[in-house]
Amino acid sequence: MAAGSALETMNMATAQEIAAQEFAAVVATHRPQIFRFLLSSTRDPDLAETLTQDCFLKAHRNWASFRGESSAMTWLMRIAINLQKDHWRNRRMQFWRQTQSNAVDLNEASEWLPSGDSTAETKLLAHERVGQVWVAVKGLSERQRTVFLLRYVEEMELSEIARSTGLSEGTVKAHLSRALARVRAELGGKR
Amino acid sequence: MNLKSKFEDQADRRNAQAGEASGVGGEVSDAELEQVLAHFRQSVHAWSDAELTRPRLATAARPSMMRGWRVAAGWALGCALAVCGVSGGLYEHQRQTDLAKVRAAQQAEQQKQLAAQKAQEEEDLLARVDSDIAREVPSAMEPLAQLMDADESK
């Protein structure tokens, strides 16, 4: 009897250790992507870092309840999207509090272009274009922005986006279409 | 991942939106849009990678002097406003009560004066009537009355 309970305790400890290792691997794999999505959504590195940590903390607390019905990435992205929504809702509710934003300027955000072998003129044009996309993204609604970023920055499939956002695929397509139209309009209007 | 495939499933929607886009400015070709979005993606990836590798200073949140002062000033201002509000209300109430009292006293005084005036007028009227009645005598007795007046004058 005692031997049996000791064995059970050992098994539990081993299972916990395995779960911890699994979770550590999930964090290592998906942290950059979650951070990137939150950074592009908020344009605030510190806030993105905080929300990323909150996301993984929440995921760790609920790791046991994750049944693997969707991929870990989809599940984590869903948590991140909800955290981001909560953050903006709280800021709107607490408008009388001191809520200073550290979001970087759109110009600064568009400065990050990978150094290729293109000419200075091409680089300048690309910089300007990326800036225009940022302007369009800033003007999008929260849902459109989320869907747009998941699709064109994170390169997620429509079905994955639908699962992450909790929307139907049709709605995702509609949001994406409107977002793209806005980007086109921004690019077309400032040629 | 090839962005072209992503654009294909939206071609019909994009065509519908083309009018909207062209209304704002010139048309943007699919290839150009694809390139711009690729640059945008690369830009975000580069920025994110740079931010992830950037060393961060973890500073413990300590209650700053400024913040303490701000909270204290906020409380003081709040208390002062509350006290001002309450005392203002009380003062106004007291003023209204005093005014009402003065008005009531003035009205009472006026009514008193009116009553006295009325009483005086009535008294005068009665006296005049009395004197008129006392002086009036039937015409047949007029000569006698004149005699009496003459006697009185003597």
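Start by selecting A:G170, which sits in helix 8 of chain A, the run covering residues 169-189. Bear in mind as you click around that this is a predicted model. With a relative accessible area of 38%, A:G170 is partly exposed. Now add A:S159 to the selection and draw a distance between the two C-alpha atoms: A:G170 and A:S159 are 11 residues apart along the chain, and the C-alpha separation is 9.8 Å.

Next, zoom out to the whole of chain A and colour by secondary structure. You'll get 8 helices and 0 strands. Walking from the N terminus, the order of elements is simply α-α-α-α-α-α-α-α. Switch to colouring by accessibility and 45% of the 191 residues of chain A come up as buried. If you like contact maps, take the contacts in chain A between residues at least 6 apart in sequence: 64% of them join residues at least 24 apart.

Now select helix 6 of chain A, residues 142-152. This helix is mostly covered, with 9 of its 11 residues buried. Scroll along the helix and the buried ones include A:Q144, A:R145 and A:T146 as well as A:L149 and A:L150. Two charged side chains, A:R145 and A:R151, are also on the buried list.

Stay in helix 6 and show sticks for A:F148 and A:Y152. They are 4 residues apart, so about one helical turn separates them. Both are buried: A:F148 has a relative accessible area of 0%, and A:Y152 is at 0% as well. Where does A:F148 find an aromatic partner in chain B? Add B:F40 and look at the two rings: they form a tilted pair, 6.2 Å centre to centre with 50° between the planes. Since A:F148 lies in helix 6 of chain A and B:F40 in helix 3 of chain B, this pair joins two chains. B:F40 is buried too, at 0% relative accessibility.

Time to widen the aromatic selection. Over all chains the count is 6 aromatic pairs. Go back to A:F148 and A:Y152 for one of them: the ring centres are 5.2 Å apart and the planes meet at 50°, so this pair is tilted. Then light up A:W134, A:F148, A:Y152, B:F40 and B:W47 together, and you're looking at one aromatic cluster.

From that cluster, move to the helices that carry some of its members. Select helix 5 of chain A (residues 120-139) and helix 3 of chain B (residues 30-53), whose axes come within 9 Å and cross at roughly 85°. An angle between 65 and 115 degrees counts as roughly perpendicular, so that is the label for helix 5 of chain A against helix 3 of chain B. Show side chains at this crossing: on the chain A side you'll find A:A126, A:R129, A:V130, A:V133, A:W134 and A:V137. Facing them from helix 3 of chain B are B:E32, B:V36, B:H39, B:F40, B:S43, B:V44 and B:W47. Colour those contact residues by type and they split into 9 nonpolar, 2 polar and 2 charged.

Last stop: cysteines. How many disulfides does the structure hold over all chains? The answer is 0. Still, two cysteines make a nice contrast when you flip between them. A:C55 is buried, at a relative accessible area of 0%, whereas B:C84 is exposed, at 52%.

Conventions. Residues are numbered from 1 along each chain as its sequence is written. Chains are lettered from A and ligands numbered from 1 in the order in which they are written. This is a predicted model: local features need pLDDT of at least 70, side-chain atom pairs count only at pLDDT 80 or more; totals for chains, interfaces and linings use all residues. Side-chain values use heavy atoms; hydrogens and water are left out. Axes are lines fitted to C-alpha atoms, for helices over the stretch in contact, and angles run from 0 to 180 degrees between N-to-C directions. Angles under 35 degrees count as roughly parallel, over 145 as roughly antiparallel, 65 to 115 as roughly perpendicular and the rest as oblique. Contact means heavy atoms within 4.5 Å. A disulfide is a pair of cysteine sulfur atoms within 2.5 Å. Buried means under 20% relative accessible area, exposed over 50%, partly exposed in between (1.4 Å probe, protein chains only). Rings of Phe, Tyr and Trp (its six-membered ring) pair if their centres lie within 6.5 Å; planes under 30 degrees apart count as stacked, over 60 as edge-to-face and the rest as tilted.
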